[in-house]
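Let's take a walk through this model together. Keep the structure open beside the text and follow along as we go.

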Amino acid sequence: MSDARVEIIRAEGITKRFGALVAVDNVNYSLRENEVAGIIGSNGAGKTTLFNLLTGYYPPDQGTIRYKGEDVTRMTPQQRVARGLMRTFQLTATFDNLSVIDNLVLAFFRAHRKSSMLQLLLNTCKGQRNDPKILETLETFDLQHVRDREVKNLSLGEKRRLEIAMAILAEPKVLLLDEPLAGLSESEIQSVLNVLRQRVGRQTILIVEHKISHVQGFLQRLTVMHEGRVIADGGVEECLRHPEVRRSYWQIETTSEQDRTVVA
Ligand SMILES: Nc1ncnc2c1ncn2[C@@H]1O[C@H](COP(=O)(O)OP(=O)(O)O)[C@@H](O)[C@H]1O
Ligand SMILES: [Mg+2]
């Protein structure tokens, strides 16, 4: 791992409580430019809460969060998105009654122009359907065959690829994905990972996943959470060998026998 890469995110000593429960407990976390990092942990480990602290959905009770050195601890998600800092596919609403291509056009022009949504809907879509950037995105995300289909008629895998495509069109510094593979079939998982693989080296990506087996071959770095704390952080293999990770691993990979054998 090259330490020369610019640090994009640095969270120091962040804690988030819900009543008596400490969901995120004094966590330090940093991400470097173009790093492809994952956070895993059993249900309730605090992954989504940490994610929500990084996106600004909640302010932490303690600690600070910096982006490229700037203190953003008290900034809202919108302020962070507006600065081009980050994007999560959950914040990217799709329009179910519009076609795939028109959703891409809207995402692109919303991010790059100041026009109102109404203006976009009335004027922009038709003219921009052949924009090279849009056509390239259709191809990268393997959505050409459904370009004119309304979003409500897409499969879950196609919809997830569209959501990630829309997030990426905004060219965020960091792409944050909380369980982007949830609910997808094995082949849909592979197709989503294939599109993410094309971003490696071009974008900082942070994926929160319940199951390591899905993302093991894809990540450059892994962080393992357990009961609100980070119990391991580093290379994937190194993390999985960590004694505390091995002890809680059965809770992390709960579903099938096949998944458990990955680190057996
Ligand atoms: N909004 C909330 N209010 C109360 N408790 C919460 C809230 N969000 C999460 N929690 C609790 O915080 C802990 C961590 O949850 P979460 O971050 O969602 O874990 P994970 O994403 O790793 O499954 C859990 O015990 C959960 O019940
Ligand atoms: Mg979660």
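**Starting at the ligand**

Ligand 1 sits among Phe18, Leu21, Ala23, Ser42, Asn43, Gly44, Ala45, Gly46, Lys47, Thr48, Thr49 and Tyr58, where being near a molecule is taken as having a heavy atom within 4 Å of it. Before going further, note that this is a predicted model, in which local features need pLDDT of at least 70, side-chain atom pairs count only at pLDDT 80 or more, and totals for chains, interfaces and linings use all residues. Residues are numbered from 1 along each chain as its sequence is written, chains are lettered from A and ligands numbered from 1 in the order in which they are written, and side-chain values use heavy atoms, with hydrogens and water left out.

Which atoms of the protein come up to the oxygens of ligand 1? A backbone N or O atom of glycine 44 is 2.7 Å from one oxygen atom of the ligand, and a polar backbone atom of alanine 45 is 3.1 Å from an oxygen atom of ligand 1. Threonine 48 uses its side chain instead, with a polar atom 2.9 Å from a ligand oxygen. For reference, a polar contact is a pair of N or O atoms within 3.5 Å; within protein, one must be able to donate a hydrogen and the other to accept it, and residues adjacent in sequence count only if both atoms are side-chain atoms. Taken alone, ligand 1 exposes 550 Å², and the protein buries 61% of that (areas come from the Shrake-Rupley method with a 1.4 Å probe, and for residues only the protein chains shown count as cover).

Two elements, S2 and H1, give two or more residues each to the shell around the ligand. H1 has the largest share, with 3 residues. Helices here are DSSP runs of H or I with at least four residues, and strands are runs of E with at least two, numbered from the N terminus.

**The sheet and its helix**

Now follow S2 into its sheet. Four strands make up an open sheet in the order S2-S1-S4-S5, with antiparallel pairing; two strands pair if DSSP finds at least two bridges between them. At the edges are S2 (21-32) and S5 (70-71), each pairing on one side only. S1 (residues 7-18) runs antiparallel to S2 over 8 bridges. Within that pairing, isoleucine 14 stands opposite valine 27 and alanine 11 stands opposite tyrosine 29. The hairpin of S1 and S2 has 2 residues between the strands, and glycine 19 takes a positive phi near 60° there. S1 also pairs with S4, again antiparallel, over 5 bridges; one partnership is threonine 15 with glutamine 62.

What packs on this sheet? Helix H1 (residues 47-55) does, touching S1, S2 and S4 (62-67), and its direction makes about 120° with that of S1. Contact means heavy atoms within 4.5 Å, while axes are lines fitted to C-alpha atoms, for helices over the stretch in contact, with angles running from 0 to 180 degrees between N-to-C directions. The helix is mostly covered, with 8 of its 9 residues buried; buried means under 20% relative accessible area, exposed over 50%, and partly exposed in between (1.4 Å probe, protein chains only). Among the buried ones are Leu50, Phe51, Leu53 and Leu54. Just after H1, glycine 56 takes a positive phi of about 95°.

**Two buried residues**

Threonine 73 lies in the loop between S5 and helix H2 (77-82), and is buried at a relative accessible area of 5%. Its side chain reaches the backbone nitrogen of isoleucine 65 at 2.9 Å, and also joins the side chain of aspartate 71 in a polar contact of 2.5 Å. Leaving aside neighbours within four places in sequence, threonine 73 touches Pro59, Pro60, Gly63, Thr64, Ile65 and Arg80.

Alanine 37, in strand S3 (residues 36-41), is buried too, with a relative accessible area of 0%. Its C-alpha is 4.9 Å from that of leucine 206, although the two are 169 residues apart in sequence. With neighbours within four places in sequence set aside, the contacts of alanine 37 include Tyr29, Leu31, Leu219 and Arg221.

**Stepping back**

The protein chain has 11 helices and 10 strands, and 52% of its 264 residues count as buried. Among its contacts with a separation of 6 or more, 63% link residues 24 or more positions apart.
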